[in-house]
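Here are some short exercises for you, each with a worked solution. Take a moment with the sequence and the model before you read on.

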Amino acid sequence: MSNTVKGWLCAIAGMVTMGVSHLCYSIIIILMASMVAAVGCSAAEGALIFSITAIGSLVASLFIGSLLKVLKTKYVYVIGGILQGALLVTMGYSTNLMLVYVMAFLFGIGNKFCGAMTHQINVTNWFASGRGTISSMGTLVSGLINTVTGVLSSMFGYQTYSLIAGFVLAGIIVVLGLLFVCDAPEKYGMQQIVLKEKEGKKTRTIGADSKVYETAMPISKLLRQPLLWAVLVCPFLMQFACTIYYSNQSLVLGSMGLDVVQISYCVSIVSISQMILVPLFGVLSDVISARKTLIIYCVVGAANMFLFSLTSQMGLIGGMIIAFFYNAGMVNLYFGAVVATPLFGVNKSATITGWCNASVSVAAMIAPVFAAGLYGATGSFVLLLAIAGCCFTVVVILAAIGMSSKARKHLEAADKPYKEAEAIAEAVAA
């Protein structure tokens, strides 16, 4: 099998398993009401599942990079698929809430094993160019797969649905993982794939603007570099801003005077825009650079939040506008392959991608509590969304200054002694 075929099969399998993992999370929402009734707990106790899964995802983000160095990638997918299916079955048949909580924590780990983070690592390993486009296309697959959720849930009873969903979805992930997911190309004596496209009689490399600089300094020394902290803070702020809106979505739209039907339209717009804006981010990152694309998206995200006072007066149209452009911030999930890899190199991409995802998970846990407290104190969403706008603005500043060519040159200068030491070690070894 050629490296092109093997790499593409791995990438496509990653896209599908990422979509199935998103579907597993959506099914938790569908099963929630029936589970709460069966267990006899309150809605708040049931909703705690989401916080626990977020903690599991955070834990997984911190060690998955190291795990992939000692365990085959396909086995990580197999474990992830089994852990996700286990929670779905448990929600259908267990009346022990503590057991459900334990499985929710493991689900969070499994969901991260088969999600965007691992897909990015695979793409980074296999593709020398076009990483942004391929990484973000997984979101399009996820959106298409999630359209079947409501249809299937209406065909079966609560317990039957949880059993079928748990075994079938876990089975899909396990089979795809075993058959198509693979380790980095050097493990098989292969090379990375370089995508080309024709421009008239010329041929150019897709994503050539995202040239990778491979740092030689150890990861512990990188932690002293401002550029790394800029890369870690940006996804945190973007997720914080997005969660402020998303965790209060129905209330925000209701405050604009929208009824239940209109709110459902806007919620659908969120899913549609995600399938458009996130893949577009990947494409633009390969064409005009990740830094410029990030700045454009965050300017749009900031404007969307700051202009809430205006759009809130526009009824359904205003609700659709804020719902569509809310997803400008959801590209934070793709910082690993799209933003961090060109700055720090392929060898450190797994670790740094994990840290980026960890910062996202922390923001996802903190933001709902912060938003609920501030709204309770002010009774208005204007200030809350203005704070979200400020988060996007800070990202614009960090991207403009912290990720500039000057900042990159500073990193390369700091890395020079390590490069020289690496070259000496290689010469001695030869």
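**Exercise 1.** Find what share of the contacts in the chain between residues at least 6 apart in sequence join residues at least 24 apart.

*Solution.* Start with the term: a contact means heavy atoms within 4.5 Å. Then take the contacts between residues at least 6 apart in sequence; 84% of them join residues at least 24 apart. This is a predicted model, in which local features need pLDDT of at least 70 and side-chain atom pairs count only at pLDDT 80 or more, while totals for chains, interfaces and linings use all residues. Residues are numbered from 1 along each chain as its sequence is written, and side-chain values use heavy atoms, leaving out hydrogens and water.

**Exercise 2.** Work out which helix gives the largest share of the largest nonpolar core.

*Solution.* First, a nonpolar core is a set of buried Ala, Val, Leu, Ile, Met, Phe, Trp, Tyr and Cys residues joined through side-chain atoms within 4.5 Å. Buried means under 20% relative accessible area (1.4 Å probe, protein chains only). Next, the largest core has 65 residues, and Tyr 245 and Phe 335 are among those touching the most other members. Helix H10 (residues 226–246; helices are DSSP runs of H or I, at least four residues, numbered from the N terminus) supplies the largest share, 12 residues.

**Exercise 3.** List partners of Tyr 245 beyond its neighbours within four places in sequence.

*Solution.* Set those neighbours aside; the remaining contacts of Tyr 245 include Val 252, Met 305, Tyr 326 and Leu 385.

Notes: Buried < 20%, exposed > 50% of the residue type's maximum accessible area, 1.4 Å probe, protein only. Helix = DSSP H or I, 4+ residues; strand = E, 2+ residues; numbered from the N terminus.
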